[in-house]
Each structure stands twice: as C-alpha cells, then as structure tokens.
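This report describes how two ligands are placed in a protein model and which residues surround them. Please keep the sequence and the structure in view while reading.

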Amino acid sequence: MADKIKDAKIIFVVGGPGSGKGTQCEKVVAKYGYTHLSSGDLLRAEVSSGSERGMQLQAIMQKGELVPLDTVLDMIKDAMIAKADVSKGFLIDGYPREVKQGEEFEKKIGAPCLLLYIDAKAETMVMRLMKRGETSGRADDNEETIKKRLDLYYKATEPVIAFYESRGIVRKIDSELPVDEVFGHVAKAIDALK
Ligand SMILES: Nc1ncnc2c1ncn2[C@@H]1O[C@H](COP(=O)(O)OP(=O)(O)O)[C@@H](O)[C@H]1O
Ligand SMILES: Cc1ncc(C[n+]2csc(CCOP(=O)(O)OP(=O)(O)O)c2C)c(N)n1
Ligand SMILES: [Mg+2]
C-alpha cells in the first residue's frame with residue numbers, strides 16, 4: 001500500500017487548537033483537490049459510531065489529552081489507503097501532535113514534503129475556540145479543556161515543528177491575518193512544491 005501512496009504529496013498541517021487548520025484545509029481542498037484528513041474529525045466519527053472504542057476516545061478528548069498513538073495512526077492510514085488511487089495529495093490535519101507520531105507515520109506510511117505551521121497567538125486561539133464553542137457542540141471547546149489543549153500543544157506539539165525545521169520543510173503561516181490572506185500564504189507554499 002505504501003507504494004500507491006508514495007507518489008502522492010503528503011502535507012502535515014500543524015498548529016495549536018483553534019489556530020485555523022481546518023479552515024485553511026477546506027480552502028486547499030477547494031483549490032487543489034487534495035484529500036483532507038483531520039485526525040480530530042476521524043476520532044469524532046468513531047465517537048459518533050457509539051462503539052466501545054468510541055466511548056473511550058470521547059473520555060480522553062473531553063479531557064484534552066492525546067489518544068493513543070496507534071489508534072490515530074491506524075485511522076489515518078486506513079483513510080489514506082481508501083483514497084490512494086484517486087488522491088494526488090493528502091493534508092494530514094492535526095497530526096503529528098508529538099514527535100513520536102511523526103516518526104511512526106514515516107515508518108508506516110511515508111515522508112511529508114511540507115509542514116504547514118499555522119501560527120496564532122494563544123489569546124487568539126482561546127478567543128476563536130470560545131467562539132466556536134458557542135455552536136460547535138464539541139465537548140472540548142470549553143474554557144477548562146481549551147487551557148489543557150493549549151498547554152499540551154506547547155509541550156508536545158511545538159517540538160514537532162523544530163524536528164522538521166532541520167529538514168527544511170516547515171513553512172510558518174501567520175494565522176492572525178484575515179482568512180483569505182492566510183490562504184494566500186498557504187497557496188504560495190503549496191505552489192512551491194514540485
Ligand atoms: N494526532 C492526534 N493524536 C492524539 N490525539 C489526537 C490527535 N488528533 C486529535 N486528537 C484528539 O482529538 C482532540 C481534538 O482534536 P482536533 O479536532 O484536531 O482539535 P483542535 O485542532 O481544535 O485542537 C484532541 O484534543 C485529542 O484528544
Ligand atoms: C485567520 C482566521 N481563520 C479563521 C477564522 C474564523 N474562525 C474563528 S473561530 C474559528 C474556529 C477555529 O478554527 P478551525 O479552522 O476549526 O481551527 P483548528 O481547530 O482546526 O485549528 C474560526 C474558523 C478567523 N476569524 N480568522
Ligand atoms: Mg480542526
């Protein structure tokens with residue numbers, strides 16, 4: 001399977017909670033037709049299924065903690081395989097959230113050609129998430145869990161960016177700008193891929 005996926009571009013989309021990863025990924029899908037796989041969405045789909053595993057995931061996510069590495073990676077891998085024949089590119093949104101996740105992904109699937117680092121200030125992220133919480137119905141868009149997600153982001157996920165910096169594939173995107181301006185920078189980074 002890794003063979004089929006090998007020819008497709010793999011883009012990691014990394015940033016804090018509420019930084020705007022999902023918003024930018026939607027726009028990339030519209031312009032480039034890439035396949036968008038959000039780890040959070042995949043996990044929430046499992047929760048919605050009402051399975052035993054889903055109930056365990058729900059409890060973890062509600063606390064703002066990371067679910068076990070193998071669970072997320074298997075879900076992403078299955079979703080990639082399902083699209084391998086038709087996809088010219090994959091946006092892996094919300095993954096890796098810790099360096100180990102990146103290492104395991106590369107062992108089992110392949111190497112990313114680009115890491116989009118969607119960067120916003122902590123106060124901006126909190127504001128956006130509180131606003132999203134008014135309508136999202138997400139159990140983790142509340143003040144207490146948001147704080148935990150932010151802490152975990154700085155502790156576990158920021159090191160991911162440093163890890164890939166050394167490979168020269170990180171493009172830092174200022175997500176404080178208006179959505180379309182942010183997308184302009186995202187598109188530039190994607191257009192620069194060969
Ligand atoms: N790669 C991952 N590894 C472990 N847990 C994850 C991963 N992606 C998502 N999750 C779980 O799902 C929750 C929501 O993720 P996500 O929808 O990406 O939220 P956001 O980007 O708004 O922080 C996380 O707080 C975590 O519990
Ligand atoms: C640059 C920018 N992006 C998006 C928004 C709109 N917005 C406000 S809160 C919010 C929710 C968080 O965004 P999402 O894209 O879900 O971020 P993720 O948690 O996936 O990083 C959004 C999209 C905005 N005002 N400005
Ligand atoms: Mg998201």
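A polar side-chain atom of arginine 97 lies 3.0 Å from a nitrogen atom of ligand 1, a polar contact being a pair of N or O atoms within 3.5 Å, where within protein one must be able to donate a hydrogen and the other to accept it, and residues adjacent in sequence count only if both atoms are side-chain atoms. This is a predicted model, in which local features need pLDDT of at least 70, side-chain atom pairs count only at pLDDT 80 or more, and totals for chains, interfaces and linings use all residues. Residues are numbered from 1 along each chain as its sequence is written, chains are lettered from A and ligands numbered from 1 in the order in which they are written, and side-chain values use heavy atoms, with hydrogens and water left out.

**Ligand 1**

The side chains of serine 39 and glutamine 101 also contact nitrogen atoms of ligand 1, as the table shows together with contacts of ligand 2.

| Residue and its atom | Ligand atom | Distance |
|---|---|---|
| Serine 39, side-chain N or O | Ligand 1, nitrogen | 2.7 Å |
| Glutamine 101, polar side-chain atom | Ligand 1, nitrogen | 2.7 Å |
| Serine 19, backbone N or O | Ligand 2, oxygen | 3.4 Å |
| Glycine 20, polar backbone atom | Ligand 2, oxygen | 3.1 Å |
| Arginine 128, side-chain N or O | Ligand 2, nitrogen | 3.4 Å |

On its own, ligand 1 has 550 Å² of accessible area, of which the protein covers 96%; such areas come from the Shrake-Rupley method with a 1.4 Å probe, and for residues only the protein chains shown count as cover. Around ligand 1 there are 20 residues, of which Lys21, Ser39, Arg44, Glu65 and Gln101 come nearest, a residue being near when one of its heavy atoms lies within 4 Å. This shell divides into seven nonpolar, five polar and eight charged residues, where Ala, Val, Leu, Ile, Met, Phe, Trp, Tyr, Cys and Pro count as nonpolar, Asp, Glu, Lys and Arg as charged, and the others, Gly among them, as polar. Helix 3 (residues 39-48) gives the most to the shell, with four residues; helices (H or I, at least four residues) and strands (E, at least two) are DSSP runs numbered from the N terminus.

The loop between strand 3 (89-93) and helix 6 (99-108) holds glycine 94 and also proline 96. The peptide bond from tyrosine 95 to proline 96 is cis, with omega near -5°.

**Ligand 2**

For ligand 2, the protein covers 75% of the 570 Å² of accessible area that the ligand has on its own. Its surroundings comprise 13 residues, with Lys21, Gly22, Thr23, Arg132 and Leu177 coming nearest, and they divide into three nonpolar, seven polar and three charged. Helix 2 (21-32), helix 7 (122-136) and helix 9 (179-191) each supply at least two residues of this shell, and helix 2 gives the most, with three. Lysine 21, one of the nearest residues to ligand 2 and also to ligand 1, lies in helix 2.

**The pocket and the UniProt records**

Ligand 1 sits in the largest pocket, and the space taken by ligand 2 is the largest pocket as well. A pocket is an open set of points on a 1 Å grid over the protein atoms alone, where a 1.4 Å probe fits, with protein on both sides within 12 Å along at least five of seven lines, and lining residues have an atom within 4 Å of a point; a molecule sits in a pocket if more than half of its atoms lie within 2 Å of its grid points.

An unreviewed UniProt entry places the feature "binding site" at Gly18, Ser19, Gly20, Lys21, Gly22, Thr23, Arg132 and Leu177, and the lining of the largest pocket includes these residues. UniProt also lists for "binding site" (unreviewed entry) a set that includes Ser39, Arg44, Glu65, Arg97, Gln101 and Arg149. That set is spread over 111 residues of sequence and, in space, up to 23.9 Å between C-alpha atoms. UniProt annotations may be inferred rather than shown by experiment.
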